[in-house]
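Work through the following exercises with the sequence and the model at hand. Each task is followed by a solution in steps.

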Amino acid sequence: AFATKYDDVEDEATDYADSNYPFLRYADVLLVYAEAENELGHTTEAATWLNAVRQRSNARLLDGTPSQTRMRSLILEERAKELACEGDRRWDLIRWGIYLQAMNAIGGRDDSDVSKERTPRNLLYPLPVTEINANPHITENNFGW
C-alpha cells in the first residue's frame, strides 16, 4: 500500500505537494484523548473517541469495549494508520517505551551496509555544545553522545 495523502500536485514538474502540511490534526487530538482515557481506566470512553476517528475514515467500528491492554494496542495501531507519513510514529514509540524493541525487530542494513540497530542513544538527541558551554550545571551530554 502507498500513502497518497499529499499527492495532490497541480504542477507535475515540482517535487512537493500544493497542500499545507498539517501541524496538528483533529484525529490526533481524538486519539491522544482516547489514549489518556484508556490509561485512566476509562476504556468505554476511550472506545467512544477511537470510534469517532474510525467513523470519520469509514473504518469498521469497535464492537463492545475491549480490555485496557487490548484498547492500548488498538489505539497504537490506529495512530500508525491514521497518522502515517506525518512524522509522529517515532515519538509515539518513544513515549510508549517500545521504540528500541519495535525498531530493532525490523532490523536490517541501510543502502550503505550500515546496521540499523538502535541503542538507548537513539532515544534522545545530543545537547548543543552552546547549551553545555552556557550552563555550568550541565556537566555531561545525553547518554551516548
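The exercises go from the overall fold to helix packing, the core and the loops.

The model is predicted: local features need pLDDT of at least 70 and side-chain atom pairs count only at pLDDT 80 or more, while totals for chains, interfaces and linings use all residues. Residues are numbered from 1 along each chain as its sequence is written, and side-chain values use heavy atoms, with hydrogens and water left out.

**Exercise 1. Describe the overall fold.**

Step 1. Assign the secondary structure from DSSP runs, taking helices as H or I over at least four residues and strands as E over at least two, numbered from the N terminus. The protein has 6 helices and 0 strands, in the order α-α-α-α-α-α along the sequence.

Step 2. Assess burial, where buried means under 20% relative accessible area, exposed over 50% and partly exposed in between (1.4 Å probe, protein chains only). Of the 145 residues, 22% are buried.

Step 3. Take contacts, meaning heavy atoms within 4.5 Å. Among those between residues at least 6 apart in sequence, 39% join residues at least 24 apart.

**Exercise 2. Determine how α1 packs on α2 and on α3.**

Step 1. Fit the axes to C-alpha atoms, for helices over the stretch in contact, and take angles from 0 to 180 degrees between N-to-C directions. The axes of α1 and α2 are 7 Å apart, at an angle of about 160 degrees. Angles over 145 degrees count as roughly antiparallel, under 35 as roughly parallel, 65 to 115 as roughly perpendicular and the rest as oblique. Helix α1 is therefore roughly antiparallel to α2.

Step 2. List the residues that meet. On the α1 side they include Y26, L30 and Y33, and on the α2 side W49, L50 and V53 are among them. By class, the residues of this contact are 11 nonpolar, 2 polar and 3 charged; Ala, Val, Leu, Ile, Met, Phe, Trp, Tyr, Cys and Pro count as nonpolar, Asp, Glu, Lys and Arg as charged, and the others, Gly among them, as polar.

Step 3. Repeat for α1 (residues 26-39) and α3 (residues 68-82), whose axes come within 10 Å and cross at roughly 165 degrees. This pair is therefore also roughly antiparallel. Residues making the contact include D28, E35 and E39 of α1 and R72, E78 and R79 of α3. Here the division is 6 nonpolar, 2 polar and 7 charged.

**Exercise 3. Which residues form the largest nonpolar core?**

Step 1. Join buried Ala, Val, Leu, Ile, Met, Phe, Trp, Tyr and Cys residues through side-chain atoms within 4.5 Å. The largest such set has 12 residues: A27, L30, L31, A34, A46, A47, L50, V53, L62, M71, L74 and I75.

Step 2. Trace their origin. Helices α1, α2 (43-56) and α3 each supply at least two of them.

Step 3. Follow L62. Not counting residues up to four places away in sequence, L62 touches A47, L50, N51, R54, M71 and L74.

**Exercise 4. Examine N58, D113 and Y125 in the loops.**

Step 1. Place N58 in the loop between α2 and α3. With a relative accessible area of 73%, N58 is exposed. Its phi is positive, about 60 degrees, although N58 is not a glycine.

Step 2. Place D113 in the loop between α5 and α6. D113, not a glycine either, has a positive phi of about 65 degrees. Most residues other than glycine have a negative phi.

Step 3. Place Y125 in the loop between α5 (99-106) and α6 (129-134). Y125 is exposed at 53% relative accessible area. Leaving aside neighbours within four places in sequence, Y125 contacts R90, W91, N142 and W145.
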